[in-house]
Amino acid sequence: MPGKMRIIQIAFFLLTGFLVGEVIAQDQTDAQGEIEDVQVIIEKDKPLELPKANRLYERSQVTPLEKNGTEQVDFDVNEPSYKSETFKPKFEPKPVVFRSEEDFFNNYVKVGFGNYLSPLLEAYAGIADRRNNIGFWFRHESFAKGPVRGKSSAFAQNQFKLDGDYITRYLKLSPILNYEREGFYYYGYDHEAYELSPTALVDRYYQDIALFQEFRIGTTVETISDKGFNAAVTPSLSRYGMRIKGSNSFNADNEFSLDGKISYEFENDLSFGVKANSSFANYKSGESFRRSAILIRPGVTKDFGILKTELGVGFGFSKDSASNSYFYPDLMAQFDVNDQITVIGEVRGDLMTNTLGSVYDQNRYLEDSLALINTNVPLDISGKVNIQVLDQFWVQGFIGYEVVKHQLLFKHSKNDTSRFTAVFDPNFGRFEMGGKGVYSLYGHTSVSLSIALYGYDKDSEPIAWFMPHRKIEFGVENTFVKGLTAKMRITSLAGIKAPYTNLNNDPVLASSFVKLDPIVDMGLDLKYDIVDQVDAFFTLNNIFNQRYMRYANYPSRGMTVKIGFIFHF
């Protein structure tokens with residue numbers, strides 16, 4: 001056992017040094033094996049949601065595949081969401097769970113290939129003893145051809161992540177080491193406008209490979225205690241960069257974040273806690289834009305049995321183009337009417353830093369220079385009702401309204417309709433209502449349906465650009481046949497409006513819009529256990545072969561097929 005512990009410690013240092021060296025080397029020179037070398041680019045289509053900028057939170061660790069588990073189908077659509085992160089002052093200490101021997105053998109290699117000349121390679125390898133573990137995860141997927149003009153709309157992505165825990169008597173250390181590199185083309189433009197005025201568009205971007213890189217390093221240090229006290233701190237450093245291959249970065253952003261929490265639970269189901277988030281970022285693209293945000297949220301929780309309450313406040317401090325301080329409510333009440341019905345109400349607020357990474361996660365086709373500022377959510381009111389109709393059937397209804405100061409939206413660049421600029425509406429509001437339902441049949445089949453409707457209040461912008469007004473999602477998961485797991489999901493979004501392409505800057509057309517066609521995306525994922533350590537998988541995405549556009553002028557790929565094997569060791 002001491003020998004294995006020593007191996008884990010050495011592996012931490014070696015893998016960390018290796019990845020840091022790789023990032024430094026790739027910043028200095030172009031990496032080998034880029035898209036033009038093998039005519040391959042990985043396309044991870046951006047989800048349809050608007051993430052909550054760059055919150056200071058504990059990011060999820062890498063979770064390797066489990067032999068008897070199922071994989072989440074990666075669909076290209078998702079719900080719009082900028083709901084504030086729920087703060088729960090009751091930070092319950094996490095007991096240290098020691099692993100059994102069978103848990104040690106969760107390493108795997110996943111290999112597949114599909115249409116659009118799309119290879120897939122994914123692997124996880126780690127070592128562990130009953131207390132400590134370390135693992136390394138890698139994923140490469142590429143599409144040598146895209147939806148238009150063949151390889152000129154290809155895409156590529158490589159991801160590396162380090163995952164692990166090192167536990168002492170009083171502390172738990174979890175390293176953070178992530179690296180991601182994407183390559184893509186600015187293949188979208190307004191074809192009609194191009195034919196009318198081809199000189200108004202910048203042709204050279206249609207042939208150049210654009211690169212995006214993200215690197216994050218840090219660690220989470222958490223106390224281990226069985227006496228009601230719990231504390232954790234997560235410092236991390238992130239770097240984001242965009243450039244045309246062979247040139248320097250035209251967009252770059254560096255961020256240092258520091259998250260912390262501390263809590264104490266008393267014996268009478270009363271607990272007190274403080275959560276602090278901070279972010280300090282410096283964006284560079286011709287000019288330098290520094291932003292900082294600090295949010296401190298103390299609060300108490302009390303469990304009365306059928307009634308659970310959270311009472312807290314938030315104090316925010318923001319600095320970008322101006323300096324401001326804010327006060328937020330942080331309240332929650334959960335009432336169990338009976339064993340089948342629960343009513344929940346929340347009144348909260350939030351403060352977020354928009355980084356190049358968080359903006360890119362929403363739309364990769366960005367122009368050369370962005371004016372990034374912080375987003376403030378002074379009020380977020382929501383309520384929901386959970387009803388357990390039957391043992392196998394539950395439904396939920398929800399409603400909410402959110403006030404957002406400086407909501408991020410996207411519009412076409414005035415000089416190039418294949419690129420998007422970031423605009424911030426100073427006074428924005430969003431209304432949301434809908435329902436969800438899940439039915440489980442005999443433990444081997446589950447069916448889910450969710451419907452959400454959205455409405456928006458605008459200020460400086462006439463339209464909530466590219467935000468959907470309706471989302472419907474239907475899913476089925478079945479494990480009826482021994483060894484076979486099947487997942488199917490249909491996602492539909494509608495009501496997305498894009499700015500009218502206005503190359504001549506005509507003020508009459510400034511508020512004109514084009515309504516994009518509804519998106520209907522159906523996916524299917526099958527996995528079959530061939531033998532004890534070998535699985536076969538078959539994945540279909542966009543089965544209806546719809547060339548929908550999440551962002552104007554950028555049609556998606558049609559139906560994609562992927563087939564391959566998963567080897568466990």
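This passage describes the overall make-up of a predicted model, followed by its strand pairing, selected loop residues and a nonpolar surface patch.

A good place to begin is the chain as a whole. Its secondary structure consists of four helices and 26 strands. Of the 569 residues in the chain, 48% are buried. Among contacts with a separation of 6 or more, 65% are made by residues 24 or more positions apart. The chain exposes about 26,400 Å² in total, and 59% of this area is supplied by carbon and sulfur atoms.

Strand 3 offers a convenient entry point to the strand pairing. Strand 2 and strand 3 run antiparallel to one another and are paired over nine bridges. Together they form a hairpin, with four residues between the two strands. Within this pairing, tyrosine 124 has tryptophan 137 of strand 3 as its bridge partner. Strand 3 also pairs with strand 4, which spans residues 155-167, again in the antiparallel sense and over eleven bridges. One of the bridges here links isoleucine 134 to glycine 164 in strand 4. Strand 3 is largely enclosed by the rest of the structure, because ten of its eleven residues are buried.

The loop between strand 2 (118-128) and strand 3 (133-143) contains aspartate 129, a residue that deserves a closer look. Aspartate 129 counts as buried because its relative accessibility is 3%, under the 20% cut-off. Its side chain makes two polar contacts to the backbone: the nitrogen of arginine 131 is reached at 2.8 Å, and the nitrogen of asparagine 132 at 2.6 Å.

Two further loop residues stand out for their backbone geometry. Phenylalanine 466 is not a glycine, yet has a positive phi of about 65°. The residue is placed in the loop between strand 19 (445-457) and strand 20 (470-478). With a relative accessible area of 1%, phenylalanine 466 is buried. Asparagine 553, likewise not a glycine, has a positive phi of about 80°. Its loop connects strand 25 (534-541) and strand 26 (560-568). Asparagine 553 has a relative accessibility of 13% and therefore also counts as buried, the cut-off being under 20%.

Turning to the surface, a nonpolar patch is formed by Ile306, Phe335, Val337, Val343, Val385, Ile387, Val389, Leu390, Tyr439, Leu441 and Tyr442, which together have about 950 Å² of accessible area. Two elements, strand 14 (375-390) and strand 18 (428-441), each give two or more residues to this patch. Strand 14 gives the most, contributing four residues. Another member of the patch is valine 343, which belongs to strand 13, covering residues 341-352. At 35% relative accessibility, valine 343 is partly exposed, because this value falls between the cut-offs of 20% and 50%.

Terms used:
Residues are numbered from 1 along each chain as its sequence is written. This is a predicted model: local features need pLDDT of at least 70, side-chain atom pairs count only at pLDDT 80 or more; totals for chains, interfaces and linings use all residues. Side-chain values use heavy atoms; hydrogens and water are left out. Buried means under 20% relative accessible area, exposed over 50%, partly exposed in between (1.4 Å probe, protein chains only). A polar contact is a pair of N or O atoms within 3.5 Å; within protein, one must be able to donate a hydrogen and the other to accept it, and residues adjacent in sequence count only if both atoms are side-chain atoms. Two strands pair if DSSP finds at least two bridges between them. Patches are made of residues with over 30% relative accessible area and no salt bridge: like charges are joined within 9 Å, nonpolar side chains (Val, Leu, Ile, Met, Phe, Trp, Tyr) within 5 Å. Accessible areas come from the Shrake-Rupley method with a 1.4 Å probe; for residues, only the protein chains shown count as cover. A salt bridge is a side-chain nitrogen of Lys or Arg within 4 Å of a carboxyl oxygen of Asp or Glu. Contact means heavy atoms within 4.5 Å.
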